[in-house]
Amino acid sequence: MISRFFPIAAIILVPFGLFGQLPTAAPARPAESLPPRNAASALPAASAAAAVAALSAPTGYILSPNDQVAVEVFGEEDLRTNGRLNGEGYLSVPLLGAVHLGGSTLSQAAAKLTELYGRDYLVNPRVNVMLIGYAKRRFTILGQVNRPGSYEMPEGSPEGVDLLEAIAMAGGYTRIAAPEKVSVRRGNQVLRVDAKRQARGSNSAFTVQPGDSITVGESIF
């Protein structure tokens, strides 16, 4: 009986012996980390900066020298750029060179660049122009204030600043100031303003514009 079943037992044991000798599977290698799609770090520097720093410009805002803008051309990464308009209102743009954008709204600037790109370089280009930095806008205040001098317009008020706020920025009135005798030189005009009445709320607010020169008069008493 032993001799009859021995071959069968051997046949059964051989596969188990073979299985015991199979090599152990190597541990899985960790997957290489890939950068997330659409990550800002994967975008060109100009595009990433524009996405982060774009400002909400007032409706109908007019571009002026030293404003900083970003230009994006849909589907054309190499044409994305940002920079400041020079003193004459020109911006250096890829392929087009210096383009005059000063005096235009953002939509007008985009339309102009769209036309120029479509004329010689691209088929149906889509261009977006965004404001990412206001030009430095300053006013001067002299006369009877505690800190006469030149001041920058506060951030977020590119179109101007209230007269009373401008006086406060200059340290307020001196003890011999005459708030009712404020003059504002604006270009070739000289405007007379009664800041005392304005402080009482009895007349409409006066807005100081970039480039204005304010003089606070002196009391005769």
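Reader: Before we look at Gly171, what does contact mean here?
Author: Happy to start there. Two residues are in contact when heavy atoms of theirs lie within 4.5 Å. Keep in mind that the model above is predicted. The cut-off to remember is 4.5 Å.

Reader: Which residues does Gly171 touch, not counting those up to four places away in sequence?
Author: Begin with where Gly171 sits: in the loop between helix H4 (163-169) and strand S9 (177-186). Leaving out residues up to four places away in sequence, we look for heavy atoms within 4.5 Å. The residues that Gly171 touches are Asn146 and Arg147.

Reader: How many Å apart are Gly171 and Asn146, C-alpha to C-alpha?
Author: Along the sequence, Gly171 and Asn146 are 25 residues apart. In space, the separation from C-alpha to C-alpha is 4.9 Å.

Reader: Is Gly171 buried, exposed or partly exposed?
Author: Buried means under 20% relative accessible area, and exposed means over 50%. Gly171 has a relative accessibility of 27%, so it counts as partly exposed.

Reader: Let's zoom out. How many helices and strands does the protein chain have?
Author: The chain has 221 residues, and 33% of them count as buried. Its accessible surface is about 14,300 Å², with 56% of that belonging to carbon and sulfur atoms. As for the elements you asked about, the chain contains five helices and 12 strands.

Reader: What span is expected for helix H3, at 1.5 Å a residue?
Author: Helix H3 covers residues 106-120, which makes 15 residues. From its first C-alpha to its last, H3 reaches 22 Å. That is close to the expected value of 21 Å.

Reader: How wide is the arc that the buried residues of H3 cover around the axis?
Author: The buried residues of H3 are Leu106, Ala109, Ala110, Leu113 and Tyr117. They sit on the same side of H3, because around the axis they cover an arc of only 100°.

Reader: Which residues are exposed on the other side of H3?
Author: We have just met the buried side, with Leu113 among its residues. Those buried residues pack against strand S1 (68-73), strand S3 (90-93), strand S4 (97-100) and strand S5 (127-133). On the other side of H3, the exposed residues are Ser107 and Arg119.

Reader: What angle does the direction of H3 make with that of S5?
Author: Let's build up the sheet before placing the helix. The strands S2, S1 and S5 form an open sheet in the order S2-S1-S5, with antiparallel pairing. S1 and S5 are joined by six bridges, and Ala70 stands opposite Met130 in S5. H3 packs on this sheet, touching S1 and S5, and its direction makes with that of S5 an angle of about 135°.

Reader: Which are the edge strands of the sheet with the order S7-S6-S12-S9-S10?
Author: This open sheet has five strands, and its pairing is mixed. An edge strand pairs on one side only, and that description fits strand S7 (149-152) and strand S10 (189-193).

Reader: Which residue is the bridge partner of Arg185 in S10?
Author: S9 and S10 pair in the antiparallel sense over five bridges. They form a hairpin with two residues between the strands, where Gly187 takes a positive phi near 65°. The partner of Arg185 in S10 is Val190.

Reader: What is the phi of Leu95?
Author: Most residues other than glycine have a negative phi. Leu95 lies in the loop between S3 and S4, two antiparallel strands joined by four bridges. In that pair, Tyr90 stands opposite His100 in S4. Although Leu95 is not a glycine, its phi is positive, at about 70°.

Reader: Is Asn124 buried or exposed, and what is its relative accessible area?
Author: Asn124 is found in the loop between H3 and S5. Its phi is near 50°, a positive value in a residue other than glycine. Exposed means over 50% relative accessible area. Asn124 is therefore exposed, with a relative accessible area of 69%.

Definitions and conventions: Residues are numbered from 1 along each chain as its sequence is written. This is a predicted model: local features need pLDDT of at least 70, side-chain atom pairs count only at pLDDT 80 or more; totals for chains, interfaces and linings use all residues. Side-chain values use heavy atoms; hydrogens and water are left out. Buried means under 20% relative accessible area, exposed over 50%, partly exposed in between (1.4 Å probe, protein chains only). The expected span of a helix is 1.5 Å times one less than its number of residues. The arc is that of the directions from the helix axis to the C-beta atoms. Accessible areas come from the Shrake-Rupley method with a 1.4 Å probe; for residues, only the protein chains shown count as cover. Two strands pair if DSSP finds at least two bridges between them. Axes are lines fitted to C-alpha atoms, for helices over the stretch in contact, and angles run from 0 to 180 degrees between N-to-C directions.
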